[in-house]
Amino acid sequence: MKFAGLKSLRKSKPKPDCPDRLSDAPAGCRVCMAGFAPEGVCWRERLQAYGVSPGREIEVVQQSPVTVIRVDHVELAFERSVSRDIIIREAQAPHGPSQ
């Protein structure tokens, strides 16, 4: 038996403030790399050699036609399939006294 109002009773998941994949982060946003998706392990060593590793802050420069990020003073460009395999979280606010 189906109930017509069942869908409306389900709780919708709250949207996180920050997307969980680099491919979904808007240009201009700063994020922190959390890790690699299981399907992205093939990229891990190459990206870590360029400084893209868990805990590093990443600035998203652009998303189209390719994803361009800045890590420290280095800009890197990836195809969307690579940026989709990078898991991110919201960047932490800088610590210390404000000036």
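Student: What makes strand β1 (residues 30-36) count as mostly covered?

Tutor: Let's look at its residues in this predicted model. Buried means under 20% relative accessible area, and five of the seven residues in β1 are buried. Strand β1 is therefore called mostly covered.

Student: How do you know that β1 pairs with strand β2 (residues 57-62)?

Tutor: Pairing needs at least two bridges found by DSSP between the strands. Three bridges join β1 to β2, so the two count as paired. They run antiparallel, and Val31 stands opposite Ile58 in β2.

Student: Why are β1 and strand β5 (residues 86-90) called a pair?

Tutor: The same test works nicely here: at least two bridges are required. Between β1 and β5 there are five bridges, so they pair, in the antiparallel sense. Gly35 stands opposite Ile87 in β5.

Student: Where do these strands fall in the order of elements from the N terminus on?

Tutor: The elements run α-β-α-β-β-β-α-β. Strands are numbered from the N terminus, so β1 is the β after the opening α, and β5 is the β that ends the order. In total the protein has three helices and five strands.

Student: What share of the protein's residues count as buried?

Tutor: Of its 99 residues, 32% do; those residues are called buried because their relative accessible area is under 20%.

Student: And how much accessible surface does the protein have?

Tutor: It comes to about 7400 Å², and 53% of that belongs to carbon and sulfur atoms.

Note on methods:
Residues numbered from 1 in each chain as written. Predicted model: local features only at pLDDT ≥ 70, side-chain atom pairs only at ≥ 80, totals over all residues. Heavy atoms only, no water. Helix = DSSP H or I, 4+ residues; strand = E, 2+ residues; numbered from the N terminus. Buried < 20%, exposed > 50% of the residue type's maximum accessible area, 1.4 Å probe, protein only. Areas by Shrake-Rupley, 256 points an atom, 1.4 Å probe, with all protein chains shown as cover.
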